[in-house]
Structures are given as C-alpha cells and as structure tokens.
Number of protein chains: 2
Amino acid sequence: MPMDDTGTSDELNFCQACSIRNRAICADLDDTEIALLNRIGRRKHLTAGESLLWEGDEAVFVANVVTGMLKLSTTTGDGREQILGLSYPSDFLGRPYGETTPYDAQALTDATVCIFRRVDFERFAHEHPRLERKLLERTLGELDRSRRWMLLLGRMSAEERLATLLLEISERLAASTCGGDASPLDVFELPVSRQQIADILGLTIETVSRQFTRLREDEIIGMRGRREVEVLRRDLLEAIVG
Amino acid sequence: MPMDDTGTSDELNFCQACSIRNRAICADLDDTEIALLNRIGRRKHLTAGESLLWEGDEAVFVANVVTGMLKLSTTTGDGREQILGLSYPSDFLGRPYGETTPYDAQALTDATVCIFRRVDFERFAHEHPRLERKLLERTLGELDRSRRWMLLLGRMSAEERLATLLLEISERLAASTCGGDASPLDVFELPVSRQQIADILGLTIETVSRQFTRLREDEIIGMRGRREVEVLRRDLLEAIVG
DNA sequence: TTTCGCGTTTGACCTGAATCAAGGACCCGA
DNA sequence: TCGGGTCCTTGATTCAGGTCAAACGCGAAA
C-alpha cells in the first residue's frame, strides 16, 4: 500500500511513531492491532487551504488529524457558509456508518492527516470493539463540543465570541505542541487570517477587526504584527466569556 | 425493580409492546436481550414543563423518548438560555461514558421516557455490541442534526428559522403519530407556545409573532386559533428555507 | 528604495431583530 | 355573561453588527 509519508524512520509502521498515538482513537490498541490498522491507513499531507472532504460527497474516507488545524463547514442553498467547528490533532474526521459526508473539511494551516477508506475502517472497527468504543466516546465528546459551539453562535456577542476563540486556540495550541495537557500559551501565533476568524465565529471581518482593536485598547491582549497575540489579562478574557 | 408505567397489559415486559421498539436503539435486539434490557429500565411519565436532566449534574440516568417532545438546552453564566435541539420519540437522551450531564432536558409536552441508570446501561451496552453500535450510529446522527441546527442559529434570518421549524414539526409529528415514514402533515397542532418557539429558534417572542403574521398575510400558512397550523404552500415554505 | 498588492483597519451609514410599551384575544371559573 | 389572567399581537424605538467605502501598512518584487 502506497504512502505519502516519508518523514518517519519506519515507513511500514508509522503508527508507532505517531505523535497523536496516545490521544487519538487508536490509543487503546495493542501493537498487533496498531500494525493491522497501520496497513489500512495512510498519511496525507494538506497544504493550507486544501480541502479534504466535501459536503454531500459519497463518504469514502474517514481520517484522524495528526498535525495542523482544519475547519468543518457547511453551506446554505444560497451560498452562505457556516463553520461547524475546528479540528485539531487527534480529532476524528468524516462520517462512518453514513452514506454522505455531512460537512466540508478544509485545512486552515498546513496539516497532516491519517486517512482510511471508510469501508476498511468500519470493518476494522467491527472486529475491534475497543476501537469502536473509543470512536463512540469521541463522537459523544464531539457532540458536546458542537453543542457548546451552538451557544457561541446563538447567544454570544462579537466580543464574547472572539474571547472564546482566543482562549480555545491558546489552550489547544498548547496541547498540540507540548503533547499532554500543558498550561495554555500566553504568547502564540494565530494560525488563521482575520477573514477565517470571521468565518469561524460567524461574524464579518470588520467586526472581528474592531473587536481586536477593543481588546488591544483595553490592554487585555497585546499584538506584535497581525498574527502574534499575547494574552495580558487572561482573567479578563475569561470574564468576558463568562 | 419498581415501575411507573401501569398502562401496559404486561408490566413485566413493556419493551415488547413499546411503540418505538423498532426505531429506538433497542431495535436490533432479540427477545432475550430485550427482556434483559427491560429489567434494567423503567418507564417514567413527565408532565409538560417537567425537567428530566439538569446540566452539570452527575450523569446518573440515560433515557429514550417514548412519546412527547422535549427540549435540550444550556445556559450561559449570566442566565441566557440556548436551545440545543428538540427530542422526539425514539431519540436518545443523556451522556453515556461521561461524568456530567451536558444539557438540561425539559418536557415541552406531556411525555413518556424509558430511563436507565447510566452504569446499568453502560454495562449492558458493553456486553451487547449490537446495542453499542446502534448507539454509535444514533450519536453520529445526532451530531449531524446538531450541526444542521448550527446553520439555523448562525446564519438564518428569523423568517428562515420559523419556516425550518414548521417544516420539521410537520415532518416529525407525522413520523411519531403514524409510526413509519409517513408524509408530512399539512394540518397540525403546535405542541409548544410562542415563547417556547422563540427559545427554540433563538429569537424573541415578538419576532416570532411578527413572522407568524407575515406567513399568514402571505398565505403560506393558515391558522385556526393560536395553535393549529395549516400549511397552504409547502413549496414556498421550503423555498424560504432554501 | 520604490512600488505594488493584499490583508487589515477605520469610518459612516443601514438594517434586522431586540427591547420597551400598549393593546387585544382567548380561556376558565364564578 | 362577566371578570381576570395568560398568552399573543402590534407599534415605536434602540442597538449590535452588517454593509459600503476608503485609507493604511507590511511584505515581496522590481
């Protein structure tokens, strides 16, 4: 089976060296199982802006995010986009047990994913209940996350939305760089443009820009250039979120 | 084990007579399994307005909706409510494999649910992979639904929201009265008040009322009294949703 | 260094839904 | 049939965020 990944010392079993090995759905599998899973999956690199899944397409692939950040989105009949959430390393993508892919998935940054043909994955899951339970737990967690996102979309002001995003990014960026559950970063590079932030939060670019300006004026955050954020008053940022 | 339900001829195995037997997660179980499941669950009746789950509580129970309609909601720190979705017969409620209940669940109409202690249910699921797979499929479906709801909350106008709700109710009410996949009802009783509709759609009662008036003026719907809706132009209603 | 171009910021204005404030209609019991 | 309460509708006003338009600033190419 061909593989895109060539950066690992052992191409034939990249799973064992996988950076998300202990956090993704494959976490509970033993070495034999990992080796089997390894055989049905492959690494794929995405450059920023590249799409992995298209809403409405036949659900051919499922995947795990290994590195980078993706957005999940859907579109109304008349073309308005709605971001459904963000995917970070160890998150699962795609729609097992479904005919069609329910959302678009697009890389916001350069990213690496580990993809499986859906039918292969389902057969493997069927034969390995531990994986299936892991997938269930992860899906339930995903449902919780998506419901928290609803609160953001349905009830939060522009200020609350941006504060929520900055906190989330600072936490999840820490988790994906330092491995385990590190403390959130106080200085970090925004992985996305203003326009992408606007899309993520369901706002316009102008509103996002104004909110950044306010947070800067209130000295809650500092910025060096357009992308580098320093959290000066995490307490106030958390107070805004409530 | 005590049971609230007394309306069934065979109290000791109400599952077999259950109206959602073929649609809920228990659908794939054989008679022996059903009998076992029956022993760990019990029926509970809810009157309109009564709560079944409270956000943040220890996750003690999970449940299946048998009859009626419930709303799932969450609340911001400062008291704003956000509806996360509606639950109809055969829908699953609660948070297996989780410590705390992630949302409030409140009956909008009189309702019957089939409840299980979470630990009992998890043990049973563990021992019966078919149930576990069913739960996974249902959870994935729930995730899809919750993401569609995001589109409503994040991007739809008041008019689009109400049209979406009217179509959904007319479809799901048909499904729950006639059993299988019946065609949507053209005349139906709204199961909820204007205020509840406003909460569901993330709008105010005044906005909802104004939108009802507009739909009536445009002769897209007719109304007899406050609760009875007649869909006059389903095509236009669907066009509004897009 | 200059210039170009794009991403971003800022300003002026508009709009859809929230808010505030009356009324109106229906239900139920007396 | 009459109150009286609740739910619903309607109107006037406000406001957050969207829209339109213009200027800014930073990096890359010349």
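This is a short walk through a predicted model, starting at one DNA strand and moving on to the two domains of chain A.

Since the model is predicted, local features need pLDDT of at least 70 and side-chain atom pairs count only at pLDDT 80 or more, while totals for chains, interfaces and linings use all residues. Residues are numbered from 1 along each chain as its sequence is written, chains are lettered from A and ligands numbered from 1 in the order in which they are written, and side-chain values use heavy atoms, with hydrogens and water left out.

Let's begin with DNA strand D. There are 17 residues around this strand, and A:Ala158, A:Thr207, A:Arg210, B:Arg194 and B:Thr213 come nearest; a residue is near a strand if one of its heavy atoms lies within 4 Å of it. By class, the surface near the strand has seven charged, eight polar and two nonpolar residues (Ala, Val, Leu, Ile, Met, Phe, Trp, Tyr, Cys and Pro count as nonpolar, Asp, Glu, Lys and Arg as charged, and the others, Gly among them, as polar). Helix H6 (205–217) of chain A supplies at least two of these residues, as do helix H5 (194–201) and helix H6 (205–217) of chain B. The largest share, four residues, comes from H6(B). Helices here are DSSP runs (H or I, at least four residues) and strands are E runs of at least two, numbered from the N terminus.

Which part of the DNA faces the protein? Of the atoms of DNA strand D within 4 Å of the protein, 61% belong to sugar or phosphate and the rest to bases. The side chain of A:Thr207 has an N or O atom 2.5 Å from a phosphate oxygen of the strand, and for B:Ser209 the distance to a phosphate oxygen is 3.0 Å. A:Arg226 places a polar side-chain atom 3.5 Å from a base nitrogen.

Now turn to chain A itself, which is divided into domain 1 (11–153) and domain 2 (157–241), with bounds from an automatic or database domain assignment. Their C-alpha centres lie 25 Å apart, and 15 residues of domain 1 are in contact (heavy atoms within 4.5 Å) with 15 residues of domain 2. About 1,400 Å² is buried between them, 62% of it from carbon and sulfur atoms; buried area is the accessible area (1.4 Å probe) that two parts lose on being put together, summed over both. On the domain 1 side, A:Tyr88, A:Leu108 and A:Leu152 lose the most area, together 37% of what that side buries.

Conventions:
A polar contact is a pair of N or O atoms within 3.5 Å; within protein, one must be able to donate a hydrogen and the other to accept it, and residues adjacent in sequence count only if both atoms are side-chain atoms.
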